[in-house]
Amino acid sequence: MARKHLILDTSWQAYSNCLGVDPDLFFPERGASTREAKEVCRGCVVREDCLEYALANGEKFGIWGGMSERERRRIRRQRALARQEAAAIAEMATAGTAS
Ligand code: SF4
């Protein structure tokens, strides 16, 4: 089972572009446009914090860090693949030095 590393610090939210913006904009109905929400996120100074928070906490719904659920799933898959590759390389390196 994969270990989860939750991020509990939400102090970055005090600097977000979406403060005071209708939250519904960031949780559109399935198939509705995400363009307006992403436009708010575009210039947000805490965009990275927001995205990493969503990734670490497994946020499945809404726009976080300027990315949709589908875009965040893609990042999770890419990172999982990169971790697997790094582990395989480390294992090969260890096997190479063990003999
Ligand atoms: S990146 Fe977008 S959703 Fe995240 S804090 Fe900034 S404006 Fe809000």
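In this predicted model, Glu 59 sits in the loop that links H2 to helix H3 (69-98). With a relative accessible area of 24%, Glu 59 is partly exposed, because that value falls between the 20% limit for buried residues and the 50% limit for exposed ones. Once neighbours within four places in sequence are set aside, the contacts of Glu 59 are Tyr 53, Ala 54, Trp 64, Arg 72 and Arg 76. Two of these partners, Arg 72 and Arg 76, carry numbers that fall within helix H3 (69-98), while Tyr 53 and Ala 54 fall within helix H2 (47-56). Ala 37, by comparison, is 22 residues from Glu 59 in sequence, and the two C-alpha atoms are 16 Å apart in space.

Three of the contacts of Glu 59, namely Tyr 53, Ala 54 and Trp 64, also belong to the largest nonpolar core. This core has 7 residues in all, and its other members are Trp 12, Cys 44, Val 46 and Cys 50. Trp 12 gives a good view of how the core is put together: leaving out residues up to four places away in sequence, Trp 12 touches Val 46, Cys 50, Tyr 53 and Trp 64, and also Asp 49. A second core, separate from this one, holds 5 residues, among them Phe 26, Ala 37, Val 40 and Cys 41.

Both cores share residues with the surroundings of the ligand. Of the 13 residues around the ligand, those that come nearest are Ser 16, Cys 18, Cys 41, Cys 44 and Cys 50. Cys 44 and Cys 50 are members of the largest core, whereas Cys 41 is part of the second. Helix H1 (35-42) and helix H2 (47-56) each contribute at least two residues to the shell. By character, the shell comprises 9 nonpolar residues, 3 polar ones and 1 charged one.

Turning to the chain as a whole, the fold contains 3 helices and 0 strands, giving the order α-α-α from the N terminus on. The radius of gyration is 17 Å, against the value near 13 Å that a compact globule of 99 residues would have. The C-alpha trace spans about 60 × 30 × 25 Å along its principal axes. Buried residues account for 21% of the 99 residues, and the chain exposes about 7,700 Å², of which 55% comes from carbon and sulfur atoms. Among contacts with a separation of 6 or more, 45% join residues 24 or more positions apart.

Technical notes: Residues are numbered from 1 along each chain as its sequence is written. This is a predicted model: local features need pLDDT of at least 70, side-chain atom pairs count only at pLDDT 80 or more; totals for chains, interfaces and linings use all residues. Side-chain values use heavy atoms; hydrogens and water are left out. A residue is near a molecule or strand if one of its heavy atoms lies within 4 Å of it. Helices (H or I, at least four residues) and strands (E, at least two) are DSSP runs, numbered from the N terminus. Ala, Val, Leu, Ile, Met, Phe, Trp, Tyr, Cys and Pro count as nonpolar, Asp, Glu, Lys and Arg as charged, and the others, Gly among them, as polar. The radius of gyration is taken over C-alpha atoms; the globule rule is 2.2 Å times the number of residues to the power 0.38. Buried means under 20% relative accessible area, exposed over 50%, partly exposed in between (1.4 Å probe, protein chains only). Contact means heavy atoms within 4.5 Å. Accessible areas come from the Shrake-Rupley method with a 1.4 Å probe; for residues, only the protein chains shown count as cover. A nonpolar core is a set of buried Ala, Val, Leu, Ile, Met, Phe, Trp, Tyr and Cys residues joined through side-chain atoms within 4.5 Å.
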